[in-house]
Amino acid sequence: MLKDLLNKRKYFTISSMPLEEISKEEEKPNIPTGMWSKCENCGTIIYTEDLNSNLKVCQNCGYHFRIGAVERVEYVFDTDTFKEFDIDLVGKNPLDFKGYNEKLIGIRIKTELKEAVVTGEGLINNIKTVACIMDSNFMMGSMGTAVGEKITRAIEYATANKLPLIIFTTSGGARMQEGIFSLMQMAKISGAIYRHGEANLLYITVITDPTTGGVTASFAMEGDIIISEPKALIGFAGRRVIEKTINENLPDGFQTAEFLLEKGFIDKIVDRREMKKTLYKILQLHEVR
């Protein structure tokens with residue numbers, strides 16, 4: 001019995017940490033999650049509220065944080081004027097790709113988006129405009145059948161109603177889980193853009209980071225006017241793939257917006273904080289009312 005009492009487990013432990021250190025631990029501020037953000041370019045720690053009020057552009061170096069379609073609607077269109085098209089149009093699994101259905105369900109719950117593009121009609125300083133806004137949060141903005149169909153329908157609506165078209169691109173390219181059905185969207189969208197142009201209507205592309213693969217190889221580079229956010233990655237294949245294919249070293253920054261502007265592939269680089277003003281000027285110059 002005495003042995004059992006002596007072997008009884010301890011009910012509390014005494015910390016070996018000095019009292020001074022315990023006091024310091026208690027004095028540390030409790031910072032709520034998400035209050036501060038770190039710039040991926042310069043490393044500056046930014047108060048998140050200040051970052052948001054600056055349209056998610058670093059005040060120190062001008063780095064443009066990636067933003068979603070909902071935020072872009074708020075930044076570009078007049079308040080409460082954007083009316084979304086085809087809200088319930090979603091992609092299927094045409095190739096019965098294993099795990100794809102589950103992945104789509106999980107991403108829809110996480111992002112609160114139905115697909116990788118939001119399409120609709122809204123006002124930019126009272127000028128009615130049709131827009132397609134891709135979102136990299138949804139499977140890296142990859143282009144599946146639903147994305148292609150939504151963009152095509154929006155273009156056809158703009159053509160039928162004689163409205164200008166703006167497409168904000170961001171994408172990792174065609175969606176591999178949908179195979180050839182995904183690649184077909186390149187031609188379908190390009191055909192709709194051609195008919196929009198034949199009707200003498202304006203099409204503006206706004207390229208954002210990153211825009212790659214089949215999106216770059218089709219409608220991203222087909223705008224009457226092509227503008228880009230600063231430092232956006234723009235390309236078709238990856239750097240290493242190209243270097244191994246041509247057996248040559250490529251110059252630094254060759255897939256950046258700045259490099260493409262220098263080579264004449266895009267028309268202008270526009271800071272996000274000036275985007276609405278710039279788009280409005282372009283629409284005005286083309287006598288869009």
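**Two sides of helix α4, and a nonpolar surface patch**

Helix α4 has a face turned away from its buried side, and this face carries the exposed residues Val70 and Glu74. The model in which this helix is seen is a predicted one, and the rest of α4 is a good place to begin reading it.

On the other side of the account stand Ala69, Arg72, Val73, Tyr75 and Val76, which are buried in α4, a helix made of residues 69-76. Seen down the axis of α4, these buried residues fall within an arc of 165 degrees, so they line one face of the helix. An α-helix has 3.6 residues a turn, so residues three or four places apart point the same way. The partners against which the buried residues of α4 pack include the helices α3 (48-53) and α11 (275-285), together with the strands β4 (117-124), β5 (127-134), β6 (165-171) and β7 (203-211).

The chain around this helix has eleven helices and nine strands, and buried residues make up 45% of its 289 residues. Among the contacts in the chain with a separation of 6 or more, 66% are between residues 24 or more positions apart.

Turning to the outside, the accessible surface of the chain comes to about 16,800 Å², and carbon and sulfur atoms account for 53% of it. On this surface Leu95, Phe97, Met176, Ile180, Phe181, Leu183 and Met184 form a nonpolar patch, whose accessible area together is about 680 Å². One of these residues, Met176, is found in the loop between β6 and α7 (179-198), and Met176 counts as exposed because its relative accessibility is 63%, where the cut-off for exposed is over 50%.

Terms used. Residues numbered from 1 in each chain as written. Predicted model: local features only at pLDDT ≥ 70, side-chain atom pairs only at ≥ 80, totals over all residues. Heavy atoms only, no water. Helix = DSSP H or I, 4+ residues; strand = E, 2+ residues; numbered from the N terminus. Buried < 20%, exposed > 50% of the residue type's maximum accessible area, 1.4 Å probe, protein only. Contact = heavy atoms within 4.5 Å. Areas by Shrake-Rupley, 256 points an atom, 1.4 Å probe, with all protein chains shown as cover. Arc of directions from axis to C-beta. Patch = residues over 30% accessible without salt bridge, like charges linked within 9 Å, V, L, I, M, F, W, Y side chains within 5 Å. Salt bridge = Lys/Arg side-chain N within 4 Å of Asp/Glu carboxyl O.
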